[in-house]
Amino acid sequence: MSSGELVIIIIVAILLLTIILAGIGVYILVHKSNKEKETEEISKIALSGKYSVALRPVADSFAEKKPSITEIEEWLNSQGIGEEQKKKLLEEWQQSINRSIKTINEGDMGGVTTYRIAFGSKDKNICLFLHPDHFITREQINRNAEILPPYCLGSDSAVVPKLPWEKNDGAGGWKAVLPKDGRYDVPEWRQIV
């Protein structure tokens, strides 16, 4: 082998090595960019539970399924409710929503996946869609926030975690809250309890 042939082989080897290293560099940059995009998208979605199920923030679900304060105020005005009582009902409604959101957000951070409704004395007669031993999954809440309190103006129930070791309130085990004909039979919010 002549020195000219050896130089050509070395040059070809250097060119091949350069092309291979450039290809690896491009692959790493593209892969890193895609991973950053995925991380960014995941950070916008709440992660919950052992298996990291993607969940929407519960506040967004409430905003879609529950009436706004403005809508409630308009309805109260049409009912001839006094200013003091109207203010009290609106504050109670917002406080109940805030409690529900806080409970679900804390549950998301702690990996809670099932909840129940602790009936208030005012709501016992209107929450007929809930069995005493009911449970609601976080996935249901994600799509159907209307199953969480408040149900009506003056509603006094609260959402609480339902833990696996928790004793049932009645007999027969845990009962899933199921829709009837594609919707949950929650009370009409346009009433005062």
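**Notes on a predicted model, starting at Ser-157**

1. Let's start with a small detail: a polar atom in the side chain of Ser-157 sits 3.1 Å from the backbone nitrogen of Gly-120. Keep in mind as you read that this is a predicted model. The same serine side chain has a polar contact with the side chain of Asp-123 too, at 2.8 Å.

2. Where does Ser-157 sit along the chain? Look in the loop that runs between α5 (138-143) and β5 (158-161).

3. Is Ser-157 buried or exposed? Its relative accessibility is 2%, and buried means under 20%, so Ser-157 counts as buried. You can see who surrounds it by listing what Ser-157 touches once residues up to four places away in sequence are left out: Ser-96, Ile-117, Ala-118, Phe-119, Gly-120, Asp-123, Cys-127, Pro-149 and Tyr-151. Gly-120 and Asp-123, the two residues from point 1, are on that list.

4. Now zoom out to the sheet. Which strands make it up, and in what order? Four strands form an open sheet, and they run β5-β3-β4-β6 with mixed pairing. β5 and β6 (175-176) are at the edges, and each has a single partner strand, so one side of each lacks a neighbour in the sheet.

5. Take a closer look at the β6 end. β6 pairs with strand β4 (residues 134-137) in the parallel sense, over two bridges. If you want a spot to find in the viewer, try Phe-135, which stands opposite Ala-176 in β6.

6. Next, head over to helix α1, which covers residues 3-43 and includes Ile-24. Ile-24 has 43% relative accessibility; buried ends at 20% and exposed needs over 50%, so this residue counts as partly exposed. Ile-24 also belongs to a nonpolar patch on the surface, together with Leu-17, Ile-20, Leu-21, Tyr-27 and Ile-28. Together the patch residues have about 630 Å² of accessible area.

7. Finally, the whole chain. It has five helices and six strands, and if you read along the sequence they come in the pattern α-β-β-α-α-α-β-β-α-β-β. Of its 193 residues, 32% count as buried, Ser-157 being one of the buried ones. The chain exposes about 12,400 Å², with carbon and sulfur atoms supplying 59% of that.

8. One last number on how the chain is put together. Take the contacts between residues at least 6 apart in sequence: 75% of them join residues at least 24 apart.

Note on methods:
Residues numbered from 1 in each chain as written. Predicted model: local features only at pLDDT ≥ 70, side-chain atom pairs only at ≥ 80, totals over all residues. Heavy atoms only, no water. Buried < 20%, exposed > 50% of the residue type's maximum accessible area, 1.4 Å probe, protein only. Contact = heavy atoms within 4.5 Å. Areas by Shrake-Rupley, 256 points an atom, 1.4 Å probe, with all protein chains shown as cover. Polar contact = N/O pair within 3.5 Å; in protein donor to acceptor, adjacent residues only side chain to side chain. Patch = residues over 30% accessible without salt bridge, like charges linked within 9 Å, V, L, I, M, F, W, Y side chains within 5 Å. Salt bridge = Lys/Arg side-chain N within 4 Å of Asp/Glu carboxyl O. Pairing = 2+ DSSP bridges.
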